[in-house]
Amino acid sequence: MEEVLRPPVRKAIRVLLLTQWFDPEPTFKGLVFARELVRQGFEVEVLTGFPNYPGGKLYPGYKLKCLQREHIDGVHITRVPLYPNHDQSALKRVLNYSSFAASALFYGLFVAKRADVIYAYHPPLTVGVVASIMRVFLRIPVVYDIQDMWPDTLRATGMLNNARALRVVDVVCNWVYRRVDRIVVLSPGFKRLLQQRGVPEAKLSVVYNWADEGSLSSPVGEVAATFPSAGQFRILFAGNMGKAQALDTVLQAAELLQQQGSRVCWVMLGGGVELERLKSEAARRHLSNVVFLPAVPMTEVGAYLQAADALLVHLRKDPLFEITIPSKTQAYMAAGKLLIMAVGGDAAEMVQQSGGGVVTESENPQALAQAAEQLANASPDELATMGRQAKAFYQQHLGLEVGVQRFGELFKQLAQSR
């Protein structure tokens, strides 16, 4: 009797996702990313901390312990202890980063099941250091995903101003860049900057961020009763209101439009360190065309995006922000709404290429007011067309499945090259 030869069973590539931030914390590469990797055939373990970002306090239902394991939709999640904090104290922030790094390094070296590839999410930089050390001792290739360009972001946002400390961060960044196998960046501008700093082009890949498509396509809840009525042209800014967003420009544009008797109304949804000051400034200017609404869960954000007529992206005028693509860009496009992009460089080019909105100069209230009034006077068909074009561009170039496939290709290449 002839023996039946069966093809060898291929073992799933095992990926260790090393990230300090993970669900239920807000993060770009969280459970949605891990779940899609599993769906595409990878075995995934997440090594992360106990959730405390952005408030700096542990989320309800969590208690610090040596180790906690969770299993969600085929994703194995391991949580290790850290010092929970996220306030303005530099020392406490360092303790937060370094405590997770120490716990993750111990678990990764001595406890974790051996992976074929390590995926490391930056920021913070300490995650890249841990991944690099694990690579040295375990000989496991590393894909390093850079979401913030340190030390540039630290300097631009004012998080760190000490010149000596910034130089130390720069040295450590370059040390990590030399040791990881592949570096993924979120924009062509990030890639150009790293090439200028000596990173070989062959080591760099651009993978655009995606949005939380599930929450945006099936939002829960309703908008607040104070959301402006349909008789006004409602421009929504959703997200963090910090110094980097430079939202005084919006208040100045609102004042100009109010003086003109425009029907444009600005809706500011979210929180941040600048929120109370912005509210006080709006009151001082007697702006009746600016509405502040508190932050809502991501599952409810989609309802607000759909209720708005246009969606605003605005950042301070800074060379760094010309090479980044703010994450709300993808969310806005996925929602199928037109954008007002008040950021130059890569983000502006994306909106222009998509035909899904208008571009205006950052920190220019006159230009912002003019763009808003132009859209308020456009026909419903013109507005709907721009929204459809934004969504089509997202689905073709920025979607979850597209992005995870690109990461999967990198993981397979590195796993096979071992």
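Let me start with a term: a residue is buried if its relative accessible area is under 20%, exposed if over 50%, and partly exposed in between, using a 1.4 Å probe and protein chains only. By that rule C265, at 1% relative accessibility, is buried. C66 is exposed, with a relative accessible area of 71%.

Now, a word on the model. It is predicted, so to speak of local features we need pLDDT of at least 70, and side-chain atom pairs count only at pLDDT 80 or more, while totals for chains, interfaces and linings use all residues. Residues are numbered from 1 along each chain as its sequence is written, and side-chain values use heavy atoms, with hydrogens and water left out.

Staying with cysteines: how many disulfides does a search of the whole structure find? Zero. The test is a pair of cysteine sulfur atoms within 2.5 Å.

Next, helix α1. Helices here are DSSP runs of H or I with at least four residues, strands are runs of E with at least two, and both are numbered from the N terminus. Helix α1 covers residues 31–39. Which of its residues are buried? L31, F33, A34, E36 and L37. Their cover includes strands β1 (14–18) and β2 (43–49), and also helix α15 (400–416). Contact, in this case, means heavy atoms within 4.5 Å. After α1 comes G41, and its phi is positive, near 105 degrees.

On to charges. A salt bridge is a side-chain nitrogen of Lys or Arg within 4 Å of a carboxyl oxygen of Asp or Glu. The structure holds 22 of them.

Take D145 and K29. Their closest N and O atoms are 2.5 Å apart. This pair links distant parts of the chain: D145 sits in strand β6 (residues 142–146), K29 in the loop between β1 and α1, 116 residues apart. Are these two buried or exposed? Both are buried.

Second pair: E255 and R285, at 2.4 Å, N to O. E255 lies in helix α8 (residues 248–260), and R285 in the loop between α9 (275–284) and β11 (290–293), 30 residues apart. E255 is partly exposed, at 24% relative accessibility.

Third pair: R284 and E281, at 2.7 Å, N to O. What separates them along helix α9? About one helical turn, because they are three residues apart. An α-helix has 3.6 residues a turn, so residues three or four places apart point the same way. R284 is exposed at 54% relative accessibility, whereas E281 is buried at 15%.

Last item: R14, E43, E45 and K113 form one network, joined by salt bridges that share partners.
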